[in-house]
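Reader: I am new to this structure and would like a close look at a single part of it. Could you take me through one helix and its surroundings, with the terms explained as they come up?

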Amino acid sequence: MYGEGGALPVTLSGQPRCRAARNRVTLGHRLVCPVPEHSPGVAGHTRARETSQNAALPSLEVSSSPGSTSSIPAWGWWLQCASRVAALPPVLPPRYDAITTCRRCPFPPACVNLLRRARSDGGAEDVTALGERERALFGAFLRSLARAPGAARPEGVWQRCFLEGPASLVLCVLLESLGSAGAGLDPREVVGVLEQFLQEGRVSALLWEVCQQQAQAGCPELQDVLINKIVCLPDHVSNKLQGKNPPVFFPQNYFPLLGDAVLQVLEKISDSLRGGLDCSISFVSHVLGKVCIHGRQKEILGVLVPRLTDLTKSDCIWQRICWRLVECVPDRWMEAVVLGFVQRAPGADVLSRLLGNLVVKNKKAQFVVTQKMLLLQYGHTTEVLQNLLGYLSLDSLRRTLLLRVLQELLETWSSSSAVKHSPAEQQLYISKAILICLSHLKEPEIETHRQELLTSMMEGVKCRLDSSLLQQRRLGMVVAESISLKINTEGPVLKFEYEEDDETRELKSLLVQTPSFCNVPSLPDDENEKAGAALPLVPESNEKSHTAAPVMPNEESDTEFDSDDDLIPYDMSEDKELKIKAPVYIRDCIEVLTGSRTEDVDKWEATVKALESLVRKNPAATREVSVELAKILLHLEEKSSIEGFVELRQRTQVAVLTTDPIPVAKYLTSQFYSLNYSLRQRMDILDVLVLAAQELSCPKFCGKTKHSGAQKPCIQLLQGSDSSKGWRRVVDERIKNKTRRLDKGHCDMELASRPNEFNSVAGYFFFPLIQHFDRPLTTFDLLGEDHLVLGRLAHTLAILMYLAVNTVAVTAMGKALLEFVWALRFHTDSYVRQGLLSCISSLLLSVPTERILADMTEELLETQSWLGDVMEKDPDGDCRRLALQNLLLMENLKKKLEVVPS
């Protein structure tokens, strides 16, 4: 093993292994300063022999007495040598020997040769010609120079010693000096040299130096050290300067510069390969992987990918270089590199040129592409999915992976457990991936896997249609339609009724492939979604329908119809619609609604429209028949296509319930758990109860207003007089301009002074609903398949609890509601869990703090632990958000209690 800076090998005890090495003083396996190897006698004999040949050359003799050699520090000899070597001519005589001119220098002749070679053209690049001894000597010199006081370093000379030496050795010494404390180089001076090091392109020289060494079996330990120093250079500088580093060391500036250096080295590797020379790319791959695992894919690949995209269009050597660049990345960094390329590539064909068959050759890359990015992650954009799956479809070796990915996606999509326990965002992500895979399938592949596709489609649709969430049901419908359209090109296809939005249109557009992947521009992350939204979203089925049904010209169609029809239509422009008079009594309305005659539809429509106003105008008459009327409205079905029938019926039910709350509430809550009712009717009961409770609990507005200013004038003006309006406006403006007000009054509607009507009837709304939720009926099982109604029930109880604030029964309602929540807290349906979490919020907001502490302390502590688990582990995002809100409410409750003095 070699010491840092290329020092000669030493034993474990720190002693050199050879006689020549023992003449050097070592400290902790690091070469500090070599001891003179030649004696003054030898130097004098050689000097006498070569005096005539070197008479015309400048002398490097150190002006000091022979006895003072040991008193001069090492950096002093090197500085004098460096300053005199700078004056040497580029070409020296063949027999010129540094020993004759540097007889008192404590270093061997290789020192001058090394400095001279560094000055020659291309000398700094030809590092393979430097021996281990020369590198060790130069490393010792640089470390001695870094420890020298500032007065002993001539400005400009010592910087060139760092900038013209081997780049790898210079970077290690500079970072050592930056991290060490004591006399020597100031951190600002080190950073200044490092800045020049970057600006003069020495990073590319460093990478190329190591690539050449790798071709000759370099030291892997030294390469790992260099990788860490190169990638973490901004961190080292920032830590030393406490964030006051130059702009070139900012990550957003440094890593693009590193990307340019990588490109320069790749160009040299390309030239070497074209010249028939061997070269290694492994070190560059390691640097790229280290940068990407540090989270800087955007900066370095933003430089590499556009340039490599152009270079690989028609050059097979550059394609092989790119493939080898990614293949040599270690497995521990492969995920970050592959993900960066997939995100930055402007299209699937570009990604195929850059990565080649990486997923076939590398198991780690195959796992990342086919498993992790598709099944375990769901935060990538639609463009990333199209790049990824399009890359798998562009080669025959990779298409087998595409088919396998489609099968695994369909298994996940059709799994009822995945539907219940995975977030909605992940299910949407998987649905997009399925549709993109279908767009890449060919006819023979569809024929082979038709039965598998059909089975998975039917299972997935069933799971999603059973979901309580509208988004999940609509997602199942869209994907099922798309799969049916793809596998049944000639026969009938599935067709559902749903409301289309941007999400459904985007899903349908994924079945249509983009004409050319090359034309898709490379965009930043924050612009991907905007670009996706700008693409035309035209489903394939719509295109077929437009092309398959050509429109006939209007003239031909008119002539065809006119030839067969000679009848002249009647003029009905002056006809007036006959208005049916609505009933004026509630009992008459009941007779019309319960009548068996179906021919009088107009009267039935007029009765439905007028019934709400009659109920509110005649509360006494309504109370006489309130339960009968509620029963009629609950079972009322639409006989004609009346606009807004459901809303009219619901408003009338609410009017009846608010007019006579107790008997009607008893009837509706008892019918909720009765037999022979549809789920729609049960949910209608819940909606009516909520709307009526809102109306009873909210104070009503009255027509009078109050003003904090002066009283109104008693003069009564005519309503339609324009002159009176102008006169009044002028007077008001004068009063406003000349009046000084300390507190500006505002006009607001005065609330009616009336009690909360929901206070006395809250129990009739709440307790009957919560009593029998765990008792299954023949046609109704809340704890079984009817979880949609259970979710609606939980939300209804939460609203009733919130509206019951400041009522007498609120504490008892809170206890019962907490037991209801605790019994169902582990329900598998996310909609039900959302309702339960809403119940906890309503309880904390409605029940007085004193009652909570006195009656529900233990229950709340257990509830707090459950909320913490929900916030951390629940797959549904809305459930996590509600759990966090409840925990914040509990924390605020705790702070409120600490403020109150005991």
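Author: What follows looks at helix H16 and then at H14, one of the helices that the buried residues of H16 pack against. This is a predicted model, in which local features need pLDDT of at least 70 and side-chain atom pairs count only at pLDDT 80 or more, while totals for chains, interfaces and linings use all residues. Residues are numbered from 1 along each chain as its sequence is written, and side-chain values use heavy atoms, with hydrogens and water left out.

Helices here are DSSP runs of H or I with at least four residues, numbered from the N terminus. H16 covers residues 316-327, and at 1.5 Å a residue its 12 residues should span 16 Å, which agrees with the 16 Å between its end C-alpha atoms; the expected span is 1.5 Å times one less than the number of residues. At the start of H16, the backbone nitrogen of Ile 317 has a side-chain oxygen of Asp 315 within 3.0 Å.

The buried residues of H16 (buried means under 20% relative accessible area, exposed over 50%, partly exposed in between, with a 1.4 Å probe and protein chains only) are Trp 318, Gln 319, Ile 321, Cys 322, Leu 325 and Val 326. They cover an arc of only 160 degrees around the axis, which puts them on the same side of H16; the arc is that of the directions from the helix axis to the C-beta atoms. On the face turned away from that buried side, H16 carries the exposed residues Cys 316 and Arg 320. The partners against which the buried residues of H16 pack are helix H13 (251-274), H14, helix H15 (297-311), helix H17 (331-344), helix H18 (348-355) and helix H19 (358-361).

Of these partners, H14 can be followed further. Helix H14 runs over residues 282-293, and its 12 residues should span 16 Å at 1.5 Å a residue, which agrees with the 17 Å between its end C-alpha atoms. In H14, 11 of the 12 residues are buried, so this helix is largely enclosed by the rest of the structure; among them are Phe 283, His 286, Leu 288, Lys 290 and Cys 292. Just after H14, Gly 295 takes a positive phi of about 85 degrees.

A wider view takes in the largest nonpolar core, which has 131 residues, and in which Phe 162, Leu 266 and Phe 341 have the most contacts. Such a core is a set of buried Ala, Val, Leu, Ile, Met, Phe, Trp, Tyr and Cys residues joined through side-chain atoms within 4.5 Å.

Methods. Helix = DSSP H or I, 4+ residues; strand = E, 2+ residues; numbered from the N terminus. Contact = heavy atoms within 4.5 Å. Polar contact = N/O pair within 3.5 Å; in protein donor to acceptor, adjacent residues only side chain to side chain.
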